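This briefing covers the pockets of one protein model and the packing of two of its helices. Please look over the sequence and the structure before reading the points below.

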Amino acid sequence: MMSGRYAHARQMQRARRMQKRLRRYLGCVIRDIERKIAAQPHWSERFGEPLRIAKRLHAQQRKDTECIAKGKAHKRYEFGVKVSIASTSADNFVVGMQALPGRPYDGYMLQQAIEQVTMPNGTRPQEVYVDPGIQGARTRGNRRVSA
């Protein structure tokens, strides 16, 4: 359909109309396949996975994915969830990892990562090496933060 072309040309009403039409077609196809699978039970294993994916796409709403603004000319936006990964500096052994939904500010992620690394064995890191984007982050205690 022409939904992508209309959106690229900033013809948003036409693009929305095409998206609605595509969703309506997908709903009709899903219901038709479910009716035919009910009549032929041995087809359910063959069409089970594609039908599950189609149902997930049909039920997806606009707000289901998070948009992360990057602020770069070549890649302005990303879709997904931010992730914090903590590893040792000597041998790159991963000691902490967490998903951070809701677009948190990078400076606040550092304190959460330090707390997560501290939880398992009780020892707190003395030095922390971070990405330059987190350079202005403050930490509690006498840890040295290097970018």
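A pocket here is an open set of grid points where a 1.4 Å probe fits, with protein on both sides within 12 Å along at least five of seven lines, and its lining residues are those with an atom within 4 Å of a point. The model is predicted. The largest pocket has a volume of about 1,100 Å³, and the second largest has a volume of about 800 Å³. Helix 2 lines part of the second largest pocket and also packs with helix 3.

**Largest pocket**

- The lining of the largest pocket is made up of 37 residues.
- Of these lining residues, S84, I85, A86, A113 and Y129 lie nearest the centre of the pocket.
- Two or more lining residues come from each of these elements: strand 1 (67-69), strand 2 (77-79), strand 3 (82-87), helix 4 (106-121) and strand 5 (127-129).
- Helix 4 gives the largest share of this lining, with 8 residues.
- Sorted by class, the lining of the largest pocket holds 20 nonpolar, 9 polar and 8 charged residues.

**Second largest pocket**

- The second largest pocket is lined by 18 residues.
- R16, Q19, Q60, Q61 and R62 are the lining residues that lie nearest its centre.
- The elements that each give two or more residues to this lining are helix 2 (12-39), helix 3 (44-59) and strand 2.
- With 7 residues, helix 2 provides the largest share of the lining of the second largest pocket.
- By class, this lining has 8 nonpolar, 5 polar and 5 charged residues.

**Packing of helix 2 and helix 3**

- The axes of helix 2 and helix 3 are 10 Å apart, and the two helices pack at an angle of about 155°.
- Angles over 145 degrees count as roughly antiparallel, so helix 2 and helix 3 are roughly antiparallel to each other.
- The crossing of helix 2 with helix 3 is left-handed.
- On the side of helix 2, the contact is made by R23, L26, G27, I30, I33, E34 and I37.
- On the side of helix 3, the contact is made by S44, F47, L51, A54, K55, L57 and H58.
- Sorted by class, the contact between helix 2 and helix 3 has 8 nonpolar, 3 polar and 3 charged residues.

Methods. Residues are numbered from 1 along each chain as its sequence is written. This is a predicted model: local features need pLDDT of at least 70, side-chain atom pairs count only at pLDDT 80 or more; totals for chains, interfaces and linings use all residues. Side-chain values use heavy atoms; hydrogens and water are left out. On a 1 Å grid over the protein atoms alone, a cavity is a set of points where a 1.4 Å probe fits but cannot get out, and a pocket is an open set with protein on both sides within 12 Å along at least five of seven lines; lining residues have an atom within 4 Å of a point. Grid points are joined across faces, edges and corners, and a volume is the space filled by probe spheres set on the points. Helices (H or I, at least four residues) and strands (E, at least two) are DSSP runs, numbered from the N terminus. Ala, Val, Leu, Ile, Met, Phe, Trp, Tyr, Cys and Pro count as nonpolar, Asp, Glu, Lys and Arg as charged, and the others, Gly among them, as polar. Axes are lines fitted to C-alpha atoms, for helices over the stretch in contact, and angles run from 0 to 180 degrees between N-to-C directions. Angles under 35 degrees count as roughly parallel, over 145 as roughly antiparallel, 65 to 115 as roughly perpendicular and the rest as oblique. A crossing is left-handed if the near helix is turned anticlockwise from the far one by less than a right angle, and right-handed if clockwise. Contact means heavy atoms within 4.5 Å.
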